Amino acid sequence: MLYCNDLKTLEQMPPSVVTLGKFDGMHTGHQKLIEKVREIAKERKLQAVMFTFDISPQIKIGKSDYKLIVTRKEKLMLAEKFGIDVLVECPFNEQIRNMSAEDFIKDILIGKINTKAVVAGTDFKFGKNRQGDADYLKKNAAMFGFSVDILEKEKDGGRDISSTYVREELAKGNIEKANKLLGFEYFLIGEVIGGTHIGRNLGFPTINMAPQPDKLLPPNGVYASLTEIDRKMYKSISNIGVKPTVNGKELGAETFIFDFDGNLYGKTAVVKLLDFMRPEKKFDSVEDLKKQVYTDIQNRKEL
């Protein structure tokens, strides 16, 4: 998969079909757009392109505490997995922010991406003051020389599947529900780093990861998980939190991997959360913590 985050260096592409949006979450609604792009790409022998921004507009306009369901690295990984040929993360700078809808189409969609087909959702907006939308695309498609497919939102019951919906479920610790909306297990990806060795001293050696600062995390607690290392999947149990029993302060993700023995420092781990088991709590003693961890592991084995 080709990745581009600098339009100045992007030479005109081969004829392409492009889907546009924030893609915060890469949830089942986004996957519906990507699936349509792949379908058109195959039928018309076009390149499959996903166009988004290198930084969320919410962050750019001052919402500095805005967290991402999937980080940039995770988005790249998912885009490639879902069959995208080119991921364009356009810099959300003043030029782009003030570009009219018409100029955006002429200069970027046509001039850079060589767009022959566009796939978007009903709520897609673009251009200065959000003047471009699905109707604008459909009305002007013939003039610009590309086809337009506008797809209705995916539904969960009577509610639209959206990043907001996923965020709500994550905030409540409803991992199973969030995973259903996402269409994949919510996950953390990162390098295995050194820890305090408390888990090892308790008899349960763990791996430690530092979540990216812009990663949206579920509530602190213990989760049933799966951990992927070197393309192998292991059953595991994970704690997201600060380890209050040992007066921890740094937020981290600690995972005990079943049936694994080896040194993983420096390796990349993907920890997929399956279900919320219990909230993080401060125990009266390390021995009480050890007993609870043993219980957690037994409960995880039974899932």
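## Aromatic rings, a pocket and two cavities

Thr52 has a relative accessible area of 1%, which means that Thr52 counts as buried, since the cut-off for that class is under 20%. Please keep in mind as you read that this is a predicted model. Thr52 belongs to strand β3, and its side chain reaches out to the backbone oxygen of Lys22, with 3.0 Å between them. Both β3 and Lys22 will come up again below, when we get to the pocket.

### The chain as a whole

Let us step back for a moment. The chain has 303 residues, and 48% of these count as buried. Its secondary structure is made up of ten helices and 14 strands. Along the principal axes, the C-alpha atoms fill a box of roughly 70 × 35 × 35 Å.

### Rings that pair

How many aromatic pairs does the structure hold? There are eleven aromatic pairs. One of them joins Phe51 and Phe53: the ring centres are 6.1 Å apart and the planes meet at 80°, so this pair is edge-to-face, a class that needs an angle over 60 degrees. Phe51 is buried at 2% relative accessibility, whereas Phe53, at 21%, is partly exposed. Another pair is Phe124 with Phe126, where the centres are 5.4 Å apart and the planes are at 15°; the pair is therefore stacked, as angles under 30 degrees are. Phe124 is buried, with 11% of relative accessible area, and Phe126 is buried as well, with 6%.

These four residues are part of a cluster: ring pairs link Phe51, Phe53, Phe92, Phe104, Phe124, Phe126 and Tyr136.

Here are the accessibility values for the residues discussed in this report, side by side.

| Residue | Relative accessible area | Class |
|---|---|---|
| Thr52 | 1% | buried |
| Phe51 | 2% | buried |
| Ile108 | 3% | buried |
| Phe126 | 6% | buried |
| Phe124 | 11% | buried |
| Asn114 | 13% | buried |
| Phe53 | 21% | partly exposed |

### Charges over rings

Two phenylalanine rings have a lysine over them. At Phe187, the charged end of Lys215 sits over the ring, 5.5 Å from the ring centre. At Phe258, the residue over the face of the ring is Lys301, and the distance to the ring centre is 5.9 Å.

### The largest pocket

The largest pocket holds about 1000 Å³ of space. Which residues of its lining lie nearest the centre? Out of 39 lining residues, those are Gly21, Lys22, Phe124, Lys125 and Arg130. Two of these names are familiar: Lys22 offers the backbone oxygen that the side chain of Thr52 reaches, and Phe124 is the stacked partner of Phe126.

Several elements give two or more residues to the lining, namely α1 (28–44), β3 (47–53), α2 (57–60), α4 (94–97) and α7 (163–171). Among them, α1 supplies the largest share, with four residues. Strand β3, also in the list, is the strand where Thr52 is found. Sorted by class, the pocket lining has 15 nonpolar, twelve polar and twelve charged residues.

### The cavities

Searching the whole structure turns up two cavities of 30 Å³ or more. The second largest cavity has a volume of about 50 Å³. Its lining consists of Glu74, Leu188, Ile189, Gly190, Met209, Ala210, Pro211, Gln212 and Lys215. Which element gives the most to this lining? That is strand β9 (residues 187–191), with three residues. By class, the lining has five nonpolar, two polar and two charged residues. Lys215, listed in this lining, is also the lysine whose charged end sits over the ring of Phe187.

### Around helix α5

Ile108 has its place in helix α5 and is buried, at 3% relative accessibility. Along the chain, Ile108 and Cys90 are 18 residues apart, and 9.8 Å separates their C-alpha atoms. The loop between α5 (101–110) and β5 (115–121) contains Asn114, which is buried too, with a relative accessible area of 13%.

How far apart are Asn114 and Ala210 in space? From C-alpha to C-alpha the distance is 40 Å, with their positions 96 residues apart in sequence. Ala210 takes us back to the second largest cavity, where this residue is part of the lining.

Note on methods:
Residues are numbered from 1 along each chain as its sequence is written. Side-chain values use heavy atoms; hydrogens and water are left out. Rings of Phe, Tyr and Trp (its six-membered ring) pair if their centres lie within 6.5 Å; planes under 30 degrees apart count as stacked, over 60 as edge-to-face and the rest as tilted. Buried means under 20% relative accessible area, exposed over 50%, partly exposed in between (1.4 Å probe, protein chains only). A charge sits over a ring if NZ of Lys or CZ of Arg is within 6 Å of the ring centre and within 35 degrees of the ring normal. On a 1 Å grid over the protein atoms alone, a cavity is a set of points where a 1.4 Å probe fits but cannot get out, and a pocket is an open set with protein on both sides within 12 Å along at least five of seven lines; lining residues have an atom within 4 Å of a point. Grid points are joined across faces, edges and corners, and a volume is the space filled by probe spheres set on the points. Ala, Val, Leu, Ile, Met, Phe, Trp, Tyr, Cys and Pro count as nonpolar, Asp, Glu, Lys and Arg as charged, and the others, Gly among them, as polar. A polar contact is a pair of N or O atoms within 3.5 Å; within protein, one must be able to donate a hydrogen and the other to accept it, and residues adjacent in sequence count only if both atoms are side-chain atoms.
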